[in-house]
Amino acid sequence: MTTAHTTLAVVLSLVFLPLGLAKMAVVPFMRQAAEHLGMSPGRYRVIGTLEVAGAAGLLLGLASAPLGVAAAAGLALLMVAAAAVHLRHGDPPGRALPAAVLALTALACAGAAIAAG
């Protein structure tokens with residue numbers, strides 16, 4: 001495990017854990033985001049659950065590289081889908097940018113985990 005891998009895993013977990021928990025709890029700003037994208041609260045809860053599981057997987061991946069790689073890859077796919085949903089919904093590209101940046105960061109975390117062995 002390298003410093004880069006550890007840093008990326010912790011930072012991504014600190015981003016995804018609260019966002020996922022907010023989606024699972026259907027807090028008002030997340031409910032508004034779901035409505036904006038035409039999603040049901042139930043689907044948004046599923047997405048939140050996947051984000052929380054991914055965050056946990058990233059942290060557990062610090063002890064088991066294959067788990068960390070799988071979690072990072074799953075979060076990257078989730079964020080690519082999020083960016084696509086924003087663009088398909090007609091949002092300006094700037095609304096999809098955070099998801100795209102998180103996808104690239106998750107891929108970098110997976111790469112760092114693979115390089116660390």
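**View 1. A nonpolar patch sits on the surface of this predicted model**. Three residues make up the patch: V10, L14 and L59. Put together, they offer about 260 Å² of accessible area.

**View 2. Here's L14, one of the residues in that patch**. Where does L14 sit in the secondary structure? Look in helix α1, which runs over residues 3–25. Is L14 buried or exposed? L14 counts as exposed, because its relative accessibility is 62% and the cut-off for exposed is over 50%.

**View 3. Follow the chain through its helices**. How many helices and strands does the chain have? You'll count five helices and zero strands. Starting at the N terminus, the order reads α-α-α-α-α. The chain is as compact as a globular protein of its length, because its radius of gyration of 14 Å is close to the 13 Å that the globule rule gives for 117 residues. As for dimensions, the C-alpha trace spans about 40 × 25 × 15 Å along its principal axes.

**View 4. Now for what's tucked inside and which residues touch**. Of the 117 residues in the chain, 38% are buried. What about contacts between residues at least 6 apart in sequence? Among those, 66% join residues that are at least 24 apart.

**View 5. Last stop: the accessible surface of the whole chain**. This surface adds up to about 6200 Å². Carbon and sulfur atoms account for 74% of it. The patch of V10, L14 and L59 from the opening view is on the surface too.

Key:
Residues numbered from 1 in each chain as written. Predicted model: local features only at pLDDT ≥ 70, side-chain atom pairs only at ≥ 80, totals over all residues. Heavy atoms only, no water. Patch = residues over 30% accessible without salt bridge, like charges linked within 9 Å, V, L, I, M, F, W, Y side chains within 5 Å. Areas by Shrake-Rupley, 256 points an atom, 1.4 Å probe, with all protein chains shown as cover. Salt bridge = Lys/Arg side-chain N within 4 Å of Asp/Glu carboxyl O. Helix = DSSP H or I, 4+ residues; strand = E, 2+ residues; numbered from the N terminus. Buried < 20%, exposed > 50% of the residue type's maximum accessible area, 1.4 Å probe, protein only. Rg over C-alpha atoms; globule rule 2.2 N^0.38 Å. Contact = heavy atoms within 4.5 Å.
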